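These are my notes on a single chain, taken entry by entry. I wished to record how its helices pack and which residues lie inside.

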Amino acid sequence: MSGISEENPVYGPFFGVMGAAAAIIFSSLGAAYGTAKSGTGIAAMSVMRPELIMKSIIPVVMAGIIAIYGLVIAVLIAGGIDSAANNYSLYKGFVHLGAGLSVGFSGLAAGFAIGIVGDAGVRGTAQQPRLFVGMILILIFAEVLGLYGLIVAIYLYTK
């Protein structure tokens, strides 16, 4: 049986679209915050130690990767959305919404963490170069929060 029914309501695809939107919006917000916060730290640090600018770009790159996680899930979800008349069920819409929120909010949290650690880390590294390895390790732990959201989102998407 196909078409609009109780299992396939006309508003079902709305939840899938919201999942795709949430994935890219929230992960991009996290990436933007991480980039901006780390960028201000780099700008402040580079006044005194301009030779460290390229070494200090790492937090900005890591923040940008967070947005890629959201983009991947948003594209997957958008490719799976169909009209209710073509058997896009409410269940599928909810699963897509959950996948988008999963990667979006974890990307937002990871971006915040990367921004704060990146800002303090590059400023601290300018004063004490031995802090660099510690900053990188903390940034990796912050980045993996976004990766966890991506893994959960991919798992949900395949349901």
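**Entry 1: helix α2.** I began with the length of α2, whose 23 residues should span 33 Å at 1.5 Å a residue. I found its end C-alpha atoms 34 Å apart, which agrees with that expectation. I note here that the model is a predicted one. I then listed the buried residues of α2: Pro59, Met62, Ala63, Ile66, Ala67, Tyr69, Gly70, Ile73, Ala74 and Ile77. I asked which elements cover these buried residues of α2. The cover includes α1, α3 and α4.

**Entry 2: helix α4.** I repeated the length check on α4, residues 131–157. Its 27 residues should span 39 Å at 1.5 Å a residue, and the end C-alpha atoms are 40 Å apart, so the two values agree. The buried residues of α4 are Phe132, Met135, Ile136, Leu139, Ala142, Glu143, Val144, Gly146, Gly149, Leu150 and Ala153. I noted that Glu143, a charged residue by class, is on this buried list. Among the elements that cover the buried residues of α4 are α2 (58–80) and α3.

**Entry 3: α2 against α4.** I looked up how α2 and α4 are oriented: they pack at an angle of about 0 degrees, with their axes 10 Å apart. An angle under 35 degrees counts as roughly parallel, and α2 and α4 are therefore roughly parallel to each other. On the α2 side I recorded Ile58, Pro59, Met62, Ala63, Ile65, Ile66, Tyr69, Ile73, Leu76, Ile77 and Gly80 in the contact. On the α4 side I recorded Phe132, Ile136, Leu139, Ile140, Glu143, Gly146, Leu147, Leu150, Ala153, Ile154 and Tyr157. By class, this contact of α2 with α4 holds 19 nonpolar residues, two polar and one charged. As a general reminder I wrote that an α-helix has 3.6 residues a turn, so residues three or four places apart point the same way.

**Entry 4: α3 against α4.** I next took the pair α3 and α4, whose axes come within 7 Å and cross at roughly 175 degrees. That angle makes α3 roughly antiparallel to α4. The residues of the contact of α3 with α4 divide into 20 nonpolar, ten polar and two charged. I chose Ser106, in helix α3, for a closer look. Is Ser106 buried or exposed? Ser106 counts as buried, because its relative accessibility is 15%, and the cut-off is under 20%. Apart from neighbours within four places in sequence, I found Ser106 in contact with Leu101, Leu145, Gly146 and Gly149. Two of these partners, Gly146 and Gly149, are also on the buried list of α4.

**Entry 5: α1 against α3.** I looked up the axes of helix α1 (residues 12–48) and helix α3 (residues 90–127), which come within 7 Å and cross at roughly 0 degrees. α1 and α3 are therefore roughly parallel to each other. Their contact has 22 nonpolar, 17 polar and three charged residues. Within α1 I examined Gly30, which counts as buried at 0% relative accessibility. Beyond residues up to four places away in sequence, Gly30 touches Gly107, Leu108, Gly111 and Phe112. I also recorded that Gly30 and Ala109 are 6.6 Å apart, C-alpha to C-alpha, though 79 residues separate them in sequence.

**Entry 6: Ala20.** I examined a further residue of helix α1, Ala20. Ala20 counts as buried, with 11% relative accessibility. Leaving aside neighbours within four places in sequence, I found Ala20 in contact with Ala74, Ile77 and Ala78. Ala74 and Ile77 are among the buried residues of α2. The C-alpha atoms of Ala20 and Leu71 are separated by 8.6 Å, and the two residues are 51 apart along the chain.

**Entry 7: the UniProt record.** I consulted the unreviewed UniProt entry, which annotates residues 12–36, 57–81, 93–119 and 131–157 as "transmembrane region". In the model, residues 12–36 are 100% helix, with end C-alpha atoms 37 Å apart. Residues 93–119 are likewise 100% helix, with end C-alpha atoms 38 Å apart. The same unreviewed entry gives "domain: V-ATPase proteolipid subunit C-like" for residues 18–77 and 97–156. I found residues 18–77 to be 85% helix and 0% strand, with end C-alpha atoms 10 Å apart. For residues 97–156 I found 95% helix and 0% strand, with the end C-alpha atoms 9 Å apart.

Technical notes: Residues numbered from 1 in each chain as written. Predicted model: local features only at pLDDT ≥ 70, side-chain atom pairs only at ≥ 80, totals over all residues. Heavy atoms only, no water. Axes fitted to C-alpha atoms, helices over the stretch in contact; angles between N-to-C directions. Helix = DSSP H or I, 4+ residues; strand = E, 2+ residues; numbered from the N terminus. Parallel < 35°, antiparallel > 145°, perpendicular 65-115°, else oblique. Buried < 20%, exposed > 50% of the residue type's maximum accessible area, 1.4 Å probe, protein only. Contact = heavy atoms within 4.5 Å. UniProt positions renumbered as here; feature names shortened; annotations may be inferred. Expected span 1.5 Å × (residues − 1).
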